[in-house]
Amino acid sequence: MPEAVTLFQPVGNFCRREVVTCAADDALVAVAATMHARNISSVVICRGATPVGIITDRDLRNKVVARGIDPSDLRVRDIMNAPLITVGEDEFLFEALYRMSKHGIHRVGVIDSDGRLVGIITDSDILRLQTRSPQQLVRDIEEAGTIDDLKALHDRVQGLVVHLVGTGVPSHDLSRLIAHLNDRILIRLITLLRATRFIDLPERFAFIVLGSEGRREQTLTTDQDNAIVYADDLSADEVARLEAFSRELIDGLIAVGVPPCPGGIMAKNPEWRRSLSEWTNAIDHWLATPTSDNILTGSMFFDLRTLYGDAAMEHSLKEHITRQLQIEPMFLRYAAANVLRFRVPIGWFGRFQVESRGDFRGQLDVKKAGIFAITEGLKVLALAEGIVGGGSRERLESLIAAGVFDRARADDLDTCFRTLVYFRLRSQVRAIREGHKPNNYIDLEHFTRTEKGRLKLALDGVETFQEFLKLRYSLDLLR
């Protein structure tokens, strides 16, 4: 595996799954004896299956032996380090390295999606896999001091992705990488603004990202889709400070190199900066009045993810969406019908239907051709099961668990999605290398016969998925 690729592998593929654990009230002498007998340098302290701390041989030396303390009366809790720094098993190896570097430690616990300990990984474990680490990019983002610094780092992120395309990194992981690094840049920008111009900013608000950014499915053309939600009881002065902050934040993002949303879906615009109750009222309106505009707006918003601030507001909004969809179920039926409006561009004899004129003559908009149908169709099905948020692949897994899909159908659709995203990302990289602005179009002149066959199979899969939605929601009867 190429060195540049290794650190974009999931931690769970490389961590040590056999971890020695103990309880906080265990006798320290007994735990030290276990470490000696097993020739290990650390033990993780757990409460049930949840890791809460760690002790290492260094702790025994520095906190007990060097101080001349009698260990016989000590419990593990007396010298353990808490809380334990952890990383999710699905996160990238470079994220594990970054957290070790940030906290000055040599190991992190590995947890599953429920916060349960599943393993441990050390810096030596990772560095043995390769000698050159791109974690410096993440560290540089955390240390950036100006918007100009962040702009240069945004360019480096794009350069890294351009380099990685074609090296074997799956398109899904590349999208997650783009989202992860863009998140870091945005959070750093917020931190800089709060430390200088907005020290007095109220705490009870959340900056949320929407659409593909909310799903962590960004590519090299992603523009801004974001909003702010704030507590209902903020004072007029506090709301005014949030307004000023949102304007500087969005303008700062544009200066960094993140394009503005053509549709104005940005927190500096009043309709995308509201109190919690104002947002719930807006949601009620969208669901009760499923016009084309409301379907598109609601669909964008339903991908919400808190990037900064009070995540409890996101949870409240998601709970409200779930409740209201039970009251207004027709919204999802109309949303499913909207997915069918995007026809797969394959005509007679299996020929691709490309643009016949204009700047994109001979090209195909792969987002409209299939990516949109998959992401929006999965969202409709997930919302019907009470699942709000997550990316398309996470929604697929949830729909398997809910019995909506079997594994074979889900895997087929996932393959279609990954194929389309890969071709889009590859075309975007080509555009950048040729000095053009990346977009959603793919030029079939650059495709081999085999690649055209893969593209056709993927689009056939999209058409099959649309038929599934059509039958599930009886869309032939919808007028």
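**Exercise 1. Name the helices and strands that each supply at least two residues of the lining of the second largest pocket.**

Solution. The helices are α4 (93-103), α8 (171-196), α9 (211-215), α13 (311-327), α16 (392-401) and α17 (407-433). The strand is β10 (305-309). Helices (H or I, at least four residues) and strands (E, at least two) are DSSP runs, numbered from the N terminus. On a 1 Å grid over the protein atoms alone, a pocket is an open set of points where a 1.4 Å probe fits, with protein on both sides within 12 Å along at least five of seven lines; lining residues have an atom within 4 Å of a point.

The model is predicted: local features need pLDDT of at least 70, side-chain atom pairs count only at pLDDT 80 or more, and totals for chains, interfaces and linings use all residues. Residues are numbered from 1 along each chain as its sequence is written, and side-chain values use heavy atoms, with hydrogens and water left out.

**Exercise 2. Describe the lining of the second largest pocket by source and class.**

Solution. Start with the total: 42 residues line this pocket. D90, E91, R176, R216 and E394 lie nearest its centre. Next, the source: α8 gives the largest share, 6 residues. Then sort by class: 21 charged, 11 polar and 10 nonpolar. Here Asp, Glu, Lys and Arg count as charged; Ala, Val, Leu, Ile, Met, Phe, Trp, Tyr, Cys and Pro as nonpolar; the others, Gly among them, as polar.

**Exercise 3. Work out the strand order of the open sheet, and explain why β9 and β10 each have one side without a neighbour.**

Solution. The order of the 4 strands is β9-β8-β7-β10, with mixed pairing. β9 (273-275) and β10 are the edge strands; each has a single partner strand, so one side of each lacks a neighbour in the sheet. From one strand to the next, the twist averages 30 degrees. Now take one pair: β7 (residues 205-209) runs antiparallel to β10, over 4 bridges. Pairing requires at least two DSSP bridges between two strands. Within this pair, I208 stands opposite T306 in β10.

**Exercise 4. Place F465: is this residue buried or exposed, and what does F465 touch?**

Solution. Locate F465 in helix α18 (residues 449-472). Its relative accessible area is 4%, so F465 is buried (under 20%, with a 1.4 Å probe, protein chains only). Leave out residues up to four places away in sequence: F465 touches A373, I374, G377, L378, L381, F405 and L413. Contact means heavy atoms within 4.5 Å.

Definitions and conventions
Buried < 20%, exposed > 50% of the residue type's maximum accessible area, 1.4 Å probe, protein only. Axes fitted to C-alpha atoms, helices over the stretch in contact; angles between N-to-C directions.
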